[in-house]
Amino acid sequence: MLNERCLCQATGLYSFLTLAPMTYLLIATITPSKQTFSREPGRETAMAKDILGEAGLHFDELNKLRVLDPEVTQQTIELKEECKDFVDKIGQFQKIVGGLIELVDQLAKEAENEKMKAIGARNLLKSIAKQREAQQQQLQALIAEKKMQLERYRVEYEALCKVEAEQNEFIDQFIFQK
């Protein structure tokens with residue numbers, strides 16, 4: 001295969017073709033310029049590059065025809081690498097944020113569990129307080145009942161003491177009369 005560049009004039013247009021090794025055939029057609037060409041081999045190549053450069057076509061370091069300027073191609077490659085780095089950093093950031101979200105969710109669940117325990121404990125204390133209040137009322141009712149019973153026993157005791165005193169007096173009078 002040939003790896004040569006040829007520049008020829010055909011029907012008012014300059015045609016540039018490259019036969020690369022293996023299978024690539026690139027053809028670009030450009031409009032003619034007002035330049036004249038000499039037959040010097042190095043000069044033809046430089047002039048072809050100038051003409052192609054005016055048309056927006058360039059050769060890379062492997063002498064392949066490219067649409068983009070080599071500087072633009074280099075900037076594009078650098079931008080691609082920076083974008084890849086940026087995407088990698090965004091991926092790492094998403095992993096970190098994902099871990100943080102999982103941690104916050106776990107803490108929220110634990111806080112909710114503690115909140116439920118606290119509400120349960122508060123309700124238990126309220127029920128214990130109500131039970132104590134009910135028990136206190138029962139004991140106060142029992143105390144009042146016992147006080148009433150004590151008062152009845154005291155009145156009965158006084159009555160019995162009076163009866164005893166009367167009986168003792170009767171016995172004393174009966175003994176003194178005999």
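**Helix H2 and its surface**

Colleague: Glu 114 and Lys 117 stand three residues apart in helix H2, so that about one helical turn separates them. What distance lies between the closest N and O atoms of the salt bridge that Glu 114 forms with Lys 117?

Modeller: This is a predicted model, so the distance is a computed one. Glu 114 is partly exposed, with a relative accessible area of 47%, whereas Lys 117 is exposed, with a relative accessible area of 56%. In the salt bridge between Glu 114 and Lys 117, the closest N and O atoms are apart by 3.7 Å.

Colleague: Before going further along the helix, in what order do the elements of the protein chain run from the N terminus on?

Modeller: The protein chain has two helices and five strands, and helix H2 covers residues 70-177. Taken from the N terminus on, the elements run in the order β-β-β-α-β-β-α.

Colleague: What share of the 178 residues in the protein chain is made up of buried residues?

Modeller: The protein chain exposes about 15600 Å², of which carbon and sulfur atoms supply 59%. A residue counts as buried when its relative accessible area is under 20%. Among the 178 residues of the protein chain, the buried share is 8%.

Colleague: Among contacts between residues at least 6 apart in sequence, what percentage joins residues at least 24 apart?

Modeller: The count concerns the protein chain, and a contact here means heavy atoms within 4.5 Å. Of the contacts between residues at least 6 apart in sequence, the part that joins residues at least 24 apart is 17%.

Colleague: Returning to the charged side chains, which residue forms a salt bridge with Lys 84?

Modeller: Lys 84 is exposed, its relative accessible area being 53%, while its partner is partly exposed at 38% relative accessibility. The two residues are four apart in helix H2, and they are therefore separated by about one helical turn. The closest N and O atoms are 3.5 Å apart, and the partner of Lys 84 is Asp 88.

Colleague: Which residues are joined into one network by salt bridges that share partners?

Modeller: The structure holds four salt bridges, and in one of them the side chains of Arg 154 and Glu 158 meet at 2.5 Å, N to O. Arg 154 is partly exposed, with a relative accessible area of 37%, and Glu 158 is likewise partly exposed, with 43%. Because Arg 154 and Glu 158 are four residues apart in helix H2, about one helical turn lies between them. Salt bridges with shared partners make one network out of Glu 151, Arg 154 and Glu 158.

Colleague: Which residues gather in a patch of negative charge on the surface?

Modeller: One member of the patch, Asp 85, lies in helix H2. At 43% relative accessibility, Asp 85 counts as partly exposed, and a residue needs over 30% relative accessible area to belong to a patch. Together, the residues that gather in this patch of negative charge are Glu 78, Glu 81, Glu 82 and Asp 85.

Colleague: About what area does the nonpolar surface patch have that is made by Leu 100, Leu 103, Val 104 and Leu 107?

Modeller: Leu 103, one of the patch residues, lies in helix H2 and counts as partly exposed at 43% relative accessibility. In such a patch, nonpolar side chains are joined within 5 Å. The patch made by Leu 100, Leu 103, Val 104 and Leu 107 has an area of about 360 Å².

Notes: Residues are numbered from 1 along each chain as its sequence is written. This is a predicted model: local features need pLDDT of at least 70, side-chain atom pairs count only at pLDDT 80 or more; totals for chains, interfaces and linings use all residues. Side-chain values use heavy atoms; hydrogens and water are left out. Patches are made of residues with over 30% relative accessible area and no salt bridge: like charges are joined within 9 Å, nonpolar side chains (Val, Leu, Ile, Met, Phe, Trp, Tyr) within 5 Å. Accessible areas come from the Shrake-Rupley method with a 1.4 Å probe; for residues, only the protein chains shown count as cover. Lys and Arg count as positive and Asp and Glu as negative; His and the chain ends are not counted. The place of a charge is taken as NZ of Lys, CZ of Arg, CG of Asp or CD of Glu. Buried means under 20% relative accessible area, exposed over 50%, partly exposed in between (1.4 Å probe, protein chains only).
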